[in-house]
Amino acid sequence: MSSLNDTNSRVVQVKYNDQIVRMFTLATIFWVTIAMLVGIIVALQLAIPQLNFTAWLTFGRLRPLHTNAAIYAFAGNAIFAGIYHSTQRLIKTRLFSDGLSQLHFWGWQFIIVLAVITLPLGISQGKEFAELEWPIDIAVVLIWVVFAINFFGTLLKRNEKHLYVAIWFYIATILTVALLYIVNAICIPVGLFKSYIVFAGIQDALVQWWFGHNAVAFFLTTPFLGLMYYYLPKAVNRPIYSYRLSVVHFWSLIFMYIWAGPHHLLNTALPEWLQTLGTVFSVMLWAPSWGGAVNGILTLRGAWHLLRTNPIIKFFVAAITFYAMATFEGPLLSIKAVNSLGHYTDWIVGHVHLGALGWNGFLSFGMIYFIVPKLWSTELYSKKLANIHFWIGILGILFYYVSMLAAGITQGLMWRAVDANGGLVYPDFVETVIRILPLFLFRALGGVLFLGGFVLMLYNVYKTIKQAPKELQEETVQVKISSSAPVHPERGHRKLEGMAAAFTILALIAILVGSIIEIVPTLSVNKYVNTENKVEPFTPLELEGRDIYVKEGCFTCHSQMIRTIPSDVLRYGAASTIEESMYDRPFQWGSKRTGPDLARLGKKYPDLWHYMHMEDPRAVIKESIMPAYPWLITSTIDFDSLEKKVAVSNKLGVPYSDEDLSDTSERAKEQAKKIADVLKKQGVKEDVSDKQITALIAYLQALGQKGAE
Amino acid sequence: MKQLALSQFNDIYLIVIGFFLFFSVFIGAVFWVYRKGSKKHYDYLSKLPLREENLT
C-alpha cells in the first residue's frame, strides 16, 4: 500500500445509496409472501379441485402467477437488493444514478402488478416462466436496460479497480437474462393482449427451454452465487475458501449452463444430437456447480462453531447444501433413462422447490437477516425467532420435497408398469392420480410450514425496523484513491478483472457458443421436417379453441408430446413427430402431466363427452381432480378477431387457404354450427354455436388428426 | 455454407476436435489460475469484501 503522504493519492468521501436497498428488501419480503400464498392455494387446488372457485382463480391461471411471482417478484427483488448493496461496497462508490435506481424499483414493481392482474385474467403467451404478454415484455426489457445502465454506470465510476468475483456473476446475469428474455419473447401481436410467437413447434420448444433452463441458471443461480460470494465471507468474517476455485467455477459454469436446455425435452421428437448434447453438458455441470458449493461450505473452515450460534450462518450453510443437492439431482434427472421415469411427474416439481425454497429462499432469508439490521442501523430484534424460522423452514422443505419425490417416482412407475401380456397395469390415468393424492396434501403442509417460518421473519423484521433510529443515515465511508501505479503489475486475467468491458465481452462469448451451436441449426427446421408428411393447419375455429386452451393454462397439467418410450406409446399411441406441431405457436409439448397427454386426443371421445367434462369433470370421471370450466359454456367467441389471427399465422408460414383467409369468421361460424347441432342432438339444451366451449371442443377433437403421424 | 456445417454434426473428427478444444482451454485456464506468483494478487482480491472501508 502506498503511504498516506503519497502525493498521488487522495481521500474521497463516498455516501452509499442505502435507500434503494431498503426499498428492494421490503419489496422482496412483500412479494415472497404473495408468491408463497398463491403457491399454497395452487397446491391445495391440486388436492381439492372444488377450490377452483371462479375463472380467474383456477389452477391453470394461478400456477403461472405463482411461478412468475416466485421468480421475478421474489427472486428478482432479492437480487436487486443484494446486487445494489454489495456492489457499492465492493467497488467503493455510490450507485450511478439515484433517478435510475428509483425508476428501476418502481418500474419493476409496476411490471409485477401488471402480472398479478393479467395472469389471472388469462392473458398469457403460454410459455412457462415467460407467460407475460408482449406489452409487459417490452416493459420488462426496458426496465432491465435501466438496471444495466445503472449497474455498468456504477462500474465505470468505481473507486476500487479490481472487480471481485461476485461482480462477475452479476455481469453474467445482466447480459444473459437480457439475451434470453428478448429472443424467447419475439412475437407478432394480434391485439393488445394476444400475440403469436415467431418460432413454432420444435424451434419454439428449443428456444423456450434454452430460455427456461437458463432462467434458472442466470436468474436463480448466478446472481445468488454472486450474493453467496459476498455475504458468506462477510457473515463469517473470513475470505472465501479459494479465490482461484471461484475463477474456474465462474467460467466453467456460465460456459456449460447455456447448453443444458434440451434436457427438458429428452425422449421427445427433438433431434437426437441435441438431446445428447443437453445430457452431456448437464452431467458435466455437476462439476462447476459443486465447485461453487464446496467453495462456499469450506469458507467456514475453522469457523464451524458459528453454525451453532448464528442463525444467518445456518441459513447460508443450509442454502448451499440445498444448492449442492439440487445440482446433484439435476444432472441425474438429465440422464435419458432417469428422465424417462421422472419427466412429467411431481419429482420435477420437488426438484425445483429444493432449489427455490432451499437455495433461493434460504439464501435470501440469510441475506435479509444480515442486511436489515445494517440498513436500519440497529440490531436484529430476535435471534431466537430467526432460529425457529430456520428449523420450521427446514421441516417445510423436507415435507415438500419428500412428498413430491415419493409422488413422482410412484406415479412414474405406475405409468410404465406393464403386465406379462405386455399391457398397461394401470390403463386409466386417474388411477395413478388417486394413488398420489394424499401426498399432495403433505406437500401443501410443507408449504404452510415454510410460510409459517417466514411469518416469524416478517414479525422479526418489523420489530427490528421499529426499533431503528428515526433519522436513517446513508452509510458514508472514506475511500483512498491512488492514481499511482497499482500494488502489483497486471497481466492476463488480473488485467481482465480490471477491465469491465473486455470481461463483459468474454462472458458474452462464453454464453453465445452453446446458444449458437444448439439454436441456429434448428432454425433451419426444414432439415428435420419430412415434407412428404403433409400437415393440415388448424381451422380458424380450432385455432380459436387453441388460444382458449393456452389462455386457460391447460399446458400446466397436460402435455402434447408422446415420447419415444414404450410406455408412452402403449398409453397414448404412436410417438409424436416434429411435423405434427410444426405450426404450433406457442408449442404445447408441456412439462407436467397432472392429467394425461393430449397429443392424440382427437376423435377419442364424442363431442358431448368433452362438453360434460368441461362443465363438470367429475360427472364423467368420478375421481378427476381437473377444475370445472362452466364459464366456457356462457362466454362467447370473438369471431371478429379471428381474421387477424389467421392472417398473422399465414404470414408466419401456416398454409391457410384463400377461403380461410377471406371468409375467416364465416367458416368458423359454419364449423361451430355443425358442432353445436351435434351437441343439441345429443341432448345439450342451449345453443352453443357461438360459445367458447365449441371452439375448444373443435380444437380438442383436432388433436392428432392433422396428419404426419 | 450453413448446410455444409450442419452436415458435419455427426463427424467424429469434428466432435473430437471440439472436445480437445474445449478441454484444453479448460486445462489451460486451470494452469493459468494456479500459476506461480499469483497468490498475492488472489489474496488481495479475496479480501475485498472484508476490507475496512473507513480509513479513520
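## Basis of the contacts

Two residues are taken to be in contact if their C-beta atoms, placed from the backbone, lie within 7 Å. The contacts described here are those of a predicted model.

## Where α2 meets α5

On that definition, Ile83(A), Ser86(A), Thr87(A) and Leu90(A), which belong to α2(A), meet Ala166(A), Ile167(A) and Tyr170(A) of α5(A). By class, the residues of this contact between α2(A) and α5(A) comprise five nonpolar and two polar ones, with no charged residue among them.

Helix α2 of chain A covers residues 59–90 and helix α5 of chain A covers residues 165–184, and their axes come within 10 Å of each other while crossing at roughly 135 degrees. Because of that angle, α2(A) counts as oblique to α5(A), and the crossing of the two helices is left-handed.

## The chain as a whole

The two helices belong to a chain that has 26 helices and four strands. For the 709 residues of chain A the globule rule gives a radius of gyration of 27 Å, and the value computed for the chain is close to this at 27 Å, so chain A is as compact as a globular protein of that length. Along its principal axes, the C-alpha trace of chain A spans about 95 × 50 × 50 Å.

Buried residues account for 54% of the 709 residues in chain A. Of the contacts in chain A with a separation of 6 or more, 83% are made by residues that are 24 or more positions apart.

How values were computed:
Residues are numbered from 1 along each chain as its sequence is written. Chains are lettered from A and ligands numbered from 1 in the order in which they are written. This is a predicted model: local features need pLDDT of at least 70, side-chain atom pairs count only at pLDDT 80 or more; totals for chains, interfaces and linings use all residues. Axes are lines fitted to C-alpha atoms, for helices over the stretch in contact, and angles run from 0 to 180 degrees between N-to-C directions. Angles under 35 degrees count as roughly parallel, over 145 as roughly antiparallel, 65 to 115 as roughly perpendicular and the rest as oblique. A crossing is left-handed if the near helix is turned anticlockwise from the far one by less than a right angle, and right-handed if clockwise. Ala, Val, Leu, Ile, Met, Phe, Trp, Tyr, Cys and Pro count as nonpolar, Asp, Glu, Lys and Arg as charged, and the others, Gly among them, as polar. The radius of gyration is taken over C-alpha atoms; the globule rule is 2.2 Å times the number of residues to the power 0.38. A residue is buried if 20 or more other C-beta atoms lie within 10 Å of its own, exposed if 12 or fewer, and partly exposed in between; C-beta atoms are placed from the backbone.
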